[in-house]
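Let's take a friendly walk through a protein model, one stop at a time. Have the sequence and the 3D view ready as you read.

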Amino acid sequence: MKILIAIDDHHYADLLADFIEQHSWADNSVFRVIHVLWAPREQSASAALREAVEQDMERATELMTDMCQRLSQKFPKCQFESLILEGKPAERILEMSKAWPADVLIVGNRARRGLPLFFLGSVSSALVHAASCSVFVVKDKQALEKSTKSTANKKADKALTKTLN
């Protein structure tokens, strides 16, 4: 079985690793951990931006190495590899899932709502709708609760404002 894991940051990498460890995977499964950098190095105009991209690359490499080491201890009969891609995350993850080809795709979800969702979009939603393989979306329950409460509070505030005016 080929399992593609797309990670973004340390918090979500830990959530995904926890999810993976809670499930059984066939011996000899291959796990490919990827991270997509939004700004390609070749197109980075300023030295400061190039440096920031290089720092992101170093953090991503460390993050993927840590995840592969953690999971290889839990699943010693499986194979682990990592790869950094550049471009738009949803597009690059979909390309990799089809080209490899993955049997399963595992991603996190930031629980964005409102304007952040409108402007930034949802990588996990795009993957669920367009992937040719099964997709597991691991949600951060605390972030989801916080986002839901925040949305509910904003609606209550609007209702109260209308009542008072």
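Our starting point is Asn109, which counts as buried because its relative accessibility is 15%, and buried means under 20%. Keep in mind that this is a predicted model. You will find Asn109 in strand β4. Its side chain makes a polar contact with the side chain of Ser124, at 2.9 Å. Leaving aside neighbours within four places in sequence, Asn109 is also in contact with other residues, including Tyr12, Ser122, Val137 and Asp140.

Strand β4 (104-109) also leads us to the largest nonpolar core, as one of the elements that give two or more residues to this core. The others are β1 (2-6), α1 (10-21), β2 (30-37) and α2 (47-74). Which of the 22 residues in this core touch the most other members? They are Ile5, Ile7, Ile20, Phe31, Met67, Leu71 and Ile106. Pause at Phe31: not counting residues up to four places away in sequence, Phe31 touches Ile3, Ile5, Ile20, Trp25, Cys78, Gln79, Phe80, Glu81 and Trp100. Apart from the largest core lies another one, of 16 residues, with Leu4, Met96, Trp100 and Leu105 among them.

Our last stop is a pair of helices. Two packed helices are described by the angle and the distance between their axes. For α3 (residues 89-99) and α5 (residues 123-130), the axes come within 9 Å and cross at roughly 35°. This crossing is right-handed. On the α3 side, Pro89, Ala90, Ile93, Leu94 and Lys98 make the contact, and α5 brings Val123, Ala126, Leu127 and Ala130. Sorted by type, these residues are eight nonpolar, one charged and no polar.

Terms used. Residues numbered from 1 in each chain as written. Predicted model: local features only at pLDDT ≥ 70, side-chain atom pairs only at ≥ 80, totals over all residues. Heavy atoms only, no water. Axes fitted to C-alpha atoms, helices over the stretch in contact; angles between N-to-C directions. Helix = DSSP H or I, 4+ residues; strand = E, 2+ residues; numbered from the N terminus. Left-handed = near helix turned anticlockwise from the far one by under 90°. Contact = heavy atoms within 4.5 Å. Nonpolar A, V, L, I, M, F, W, Y, C, P; charged D, E, K, R; others polar. Core = buried A, V, L, I, M, F, W, Y, C linked by side-chain atoms within 4.5 Å. Buried < 20%, exposed > 50% of the residue type's maximum accessible area, 1.4 Å probe, protein only. Polar contact = N/O pair within 3.5 Å; in protein donor to acceptor, adjacent residues only side chain to side chain.
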